[in-house]
Amino acid sequence: MSFSIIRLIPGDPVTNIIGERGASEERVQEIRKNLGLDKSVIEQYFIFTKNAIQGEFGDSIVTKQPVWNDFKILWPATFELSMLAMLWSSLAGLALGVLAASKRNSFWDYGAVSLSTIGFAMPLFWWGLIVIFFFAVTLGWFPVSGRISVEFDVPYRTGLYLIDSLLSGQMNAFFSALKHMALPAFVLGTVSLALIVRVTRSSFIDIQKEDYIRTARAKGLRKSQILFKHIFKNALPQILTALGLAFGQLLTGAIMTETLFSWPGIGRWIVKSIEARDYPSVQAGLFYSMLIIVFINFVTDELIKIVNPKLRDSVNL
Amino acid sequence: MMKNKSFLIGMALFIFFCLMAGLATFWTPYSYQEVFDGAALLKPSARFLLGTDDLGRDLFSRLLVGAQLSLGIGIFVGGLSVVVGASLGIISAYYGKKLDQALVQMMNGIQALPSLLLALFVVAILGGGILNVILSVTLVSIPVMFRLVRSAALVENSKDYIVAARAVGASDFRIITAHLFPNCITPILVQSAVCCSEAILNTAALGFLGLGIPAPYPEWGTMLSDSKNFIETAPQLMTIPGLCLLLLILSTQLISDGLRDHLDPKLRGRS
């Protein structure tokens, strides 16, 4: 699929390489041959499939590097950003959802419900602009783009700047990276937050009505015990499902957030590659995104099976 | 239905935007593409109600025409996804077997990627232009509609009245149109509102990434993308179209929530 979609894009990558000024006919043929574009579409497809299975997507037309190299450099940025976004949104989402469910029809409840309703409708790119306007332009607390200030030189180990800077013992670099990451992660996590608040609240409310919760109350268990041992445990499968969904949405969110904050990650890479008609990069980007999504779905399913034994035997969820 | 608060608020907002779009068909203060020399990035004033953008075009006029575009695309895509997605869903559930499998697989294929990413690729393939944008956002909204309607129709299809209708010799067409369709109307209505809001959001997102409805058209997402560089000097360029976008999407979502609560009493009080 990722092969066929991208081949249909009008525009010739060869023209993109040599520019509009033109080159000799022999040179054009030579480039075509190097890129494998002189063969028929069907031949190209088989070569693509064979290479894809071996994890080989060819060289990027723009950077002239193997696509895997580009991806390897860029993905830690997206990974780091997504993890931070997921971390704050799930913690805040859980807390807010539990608070709303335990104090139903209170100020907190209405607040949480309206927050998640608005969060669902919020166009991420506008939210990002507002956050930039407020925290970066007006208050000047945070930088608007990039991953770290230029004066820091962090040795490459994992590619995750937060970890790399800690490993090399540069606390200033760590805080600089954290500061750069704060706004994008905040924006990226907002969508997941809305989802997690909503699911947590509604599943807690449902479970509170169950008989075994009444029994637990009648037994005189402490509130915190009921909350964590009984309600939370039973709400976990639903919350995990929501987390999996939120993870899936992160990729879409990352495209927006990274474009907005000039974050050198996969999302911006995909958009840029589409604009430059960089076939190998776009194909690889599509392929990797699908792999990531399949992987996330797999992990969520397995986790749900662990926390909910009832589902362990069922063949498909 | 009139007691349903979220539906009422959503409807009020929606009607407001309809009026805005309606107004734009008859009257705008200036043409949306008229460039005023030396009037770039003006603050709101009596002459330009909401100020002007970086090229010296009237923001208010552009906003009105933008409402027309967003609303038009939203309603059109919502309708199209009903026509295509819902009928495919019912047909798939009714005929079953290989046709069903093939359609389900096809929809799975479309859904393999997140909707925005897919829309992005479709637009990249077909190139910009209003029609292509509509096509891409419709394509990504069909699978969800298909799934919901198919599962609803599967439940209905096994009920006694369908068996009875078949027994008295009703034709396939009659069973589908007179029995299955009316009984699946709840998910169809609710989901069409969702499709509408998704379409508006995705169109704006494409516009923001520079792959949406091409310039001169004042699409709100494109306007937001243009406003990026003038956040400091002219914040109203960024705040107002974005607020409109948020409220319009919010209104369609509130309507779909309200519809669901009203039409499906089992779900009432949840969410």
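What percentage of the 317 residues in chain A is buried? In this predicted model, buried residues account for 43% of chain A, where buried denotes a relative accessible area under 20%, exposed one over 50%, and partly exposed a value in between (1.4 Å probe, protein chains only). Because the model is predicted, local features were required to have a pLDDT of at least 70 and side-chain atom pairs a pLDDT of 80 or more, whereas totals for chains, interfaces and linings use all residues. Residues are numbered from 1 along each chain as its sequence is written, chains are lettered from A and ligands numbered from 1 in the order in which they are written, and side-chain values rest on heavy atoms, with hydrogens and water left out.

The secondary structure of chain A consists of 13 helices and 0 strands, helices being DSSP runs of H or I with at least four residues and strands runs of E with at least two, numbered from the N terminus. Read from the N terminus, the order of elements is accordingly α-α-α-α-α-α-α-α-α-α-α-α-α. Of the contacts in chain A with a separation of 6 or more, 71% involve residues 24 or more positions apart, a contact being defined by heavy atoms within 4.5 Å.

The accessible surface of chain A amounts to about 16,600 Å², and carbon and sulfur atoms contribute 63% of this area. Such areas were computed by the Shrake-Rupley method with a 1.4 Å probe, and for residues only the protein chains shown count as cover. A nonpolar surface patch is formed by A:Phe295, A:Phe298, A:Val299, A:Leu303, A:Ile306 and A:Val307, which together present about 550 Å² of accessible area. Patches comprise residues with over 30% relative accessible area and no salt bridge, like charges being joined within 9 Å and nonpolar side chains (Val, Leu, Ile, Met, Phe, Trp, Tyr) within 5 Å. One member of the patch, A:Phe295, belongs to helix H13 (residues 279-307) of chain A and is exposed, with a relative accessible area of 55%.

Over all chains, 9 aromatic pairs were found. Rings of Phe, Tyr and Trp (its six-membered ring) were taken as paired if their centres lie within 6.5 Å, with planes under 30 degrees apart classed as stacked, over 60 as edge-to-face and the rest as tilted. The pair of A:Phe107 and A:Trp108 is edge-to-face, with 5.8 Å from centre to centre and 70° between the planes. Within this pair, A:Phe107 is exposed at 66% relative accessible area, and A:Trp108 is partly exposed at 43%. The rings of A:Phe134 and A:Phe135 are likewise edge-to-face, because their planes stand at 90°, with the centres 5.3 Å apart. Here A:Phe134 is partly exposed at 44%, and A:Phe135 is partly exposed at 24%. In addition, ring pairs connect A:Trp88, A:Trp127 and A:Phe186 in a cluster.

The search for salt bridges returned 7 over all chains, the criterion being a side-chain nitrogen of Lys or Arg within 4 Å of a carboxyl oxygen of Asp or Glu. In chain A, A:Asp109 and A:Arg201 are bridged, with their closest N and O atoms 2.6 Å apart. A:Asp109 is located in helix H6 (residues 107-121) and A:Arg201 in helix H9 (residues 171-208), so the bridge ties together parts of chain A that are 92 residues apart in sequence. A:Asp109 is buried, at 2% relative accessibility, and A:Arg201 is buried at 8%.

In chain B, a salt bridge joins B:Lys159 to B:Glu156 with a closest N and O distance of 3.3 Å; B:Lys159 is partly exposed at 37%, while B:Glu156 is buried at 12%. A further salt bridge brings together the side chains of B:Asp257 and B:Arg260 (3.9 Å, N to O). Both residues lie in helix H10 (residues 236-263) of chain B, 3 residues apart, or about one turn of the helix. B:Asp257 is buried at 17% relative accessibility, and B:Arg260 is partly exposed at 24%. Through shared partners, salt bridges unite B:Asp257, B:Arg260 and B:Asp261 in one network.

The structure contains 0 disulfides over all chains, a disulfide being a pair of cysteine sulfur atoms within 2.5 Å. The cysteine sulfur closest to that of B:Cys18 belongs to B:Cys196 and lies 9.3 Å away, too far for a bond. B:Cys196 is in no disulfide, its nearest cysteine sulfur being that of B:Cys195, 8.7 Å away. B:Cys18 is partly exposed at 30% relative accessibility, whereas B:Cys196 is buried at 6%.
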